[in-house]
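Colleague: Hey, I'm new to this one. Could you walk me through it?
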Amino acid sequence: MTQETKATIGIEDFARLIGISKNSAYAAAKDDRLPVPVIRIGRRMLISRSAVDELLAGRRSVGG
């Protein structure tokens, strides 16, 4: 399965896509301040690729 076909992305990839530091993204994810839902599996934090696509296309507001 290639990166493009995965249904989720990691916090570091999300940070790179929206132009913030990975430390800022991890801190925001831990405090539930990201503009997309965070999927937590154990210690791992993932984000739905479709939610990111909606955010970047302007179909999802930054407030949630």
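Modeller: Sure. One term to begin with: a helix axis here is a line fitted to C-alpha atoms over the stretch in contact, and angles run from 0 to 180 degrees between N-to-C directions. Keep in mind that this is a predicted model.

Colleague: Okay, so at what angle do α1 and α2 pack?
Modeller: About 115°, with the axes 8 Å apart. Helix α1 covers residues 11-18 and helix α2 covers residues 22-30. The crossing of α1 past α2 is right-handed.

Colleague: Which residues make the contact?
Modeller: From α1 you have Ile-11, Glu-12 and Ala-15, and from α2 there are Lys-22, Ala-25, Tyr-26 and Ala-29. Five of the contact residues are nonpolar, two are charged and none is polar.

Colleague: And which residues of α1 are buried?
Modeller: Ile-11, Phe-14 and Ala-15. Looking down the axis of α1, the buried residues sit within an arc of 100°, so they line one face of the helix.

Colleague: Why would residues three or four places apart point the same way?
Modeller: Because an α-helix has 3.6 residues a turn.

Colleague: What do the buried residues of α1 pack against?
Modeller: Against α2, plus β1 (8-10), β3 (44-48) and α3 (49-57).

Colleague: What comes just after α1?
Modeller: Gly-19, with a positive phi of about 80°.

Colleague: Switching to the whole protein, in what order do the elements run?
Modeller: β-α-α-β-β-α from the N terminus, which comes to three helices and three strands.

Colleague: How much of the protein is buried?
Modeller: Buried residues are 28% of the 64 residues. The protein exposes about 4400 Å², with carbon and sulfur atoms supplying 50% of that.

Key
Residues numbered from 1 in each chain as written. Predicted model: local features only at pLDDT ≥ 70, side-chain atom pairs only at ≥ 80, totals over all residues. Heavy atoms only, no water. Helix = DSSP H or I, 4+ residues; strand = E, 2+ residues; numbered from the N terminus. Left-handed = near helix turned anticlockwise from the far one by under 90°. Contact = heavy atoms within 4.5 Å. Nonpolar A, V, L, I, M, F, W, Y, C, P; charged D, E, K, R; others polar. Buried < 20%, exposed > 50% of the residue type's maximum accessible area, 1.4 Å probe, protein only. Arc of directions from axis to C-beta. Areas by Shrake-Rupley, 256 points an atom, 1.4 Å probe, with all protein chains shown as cover.
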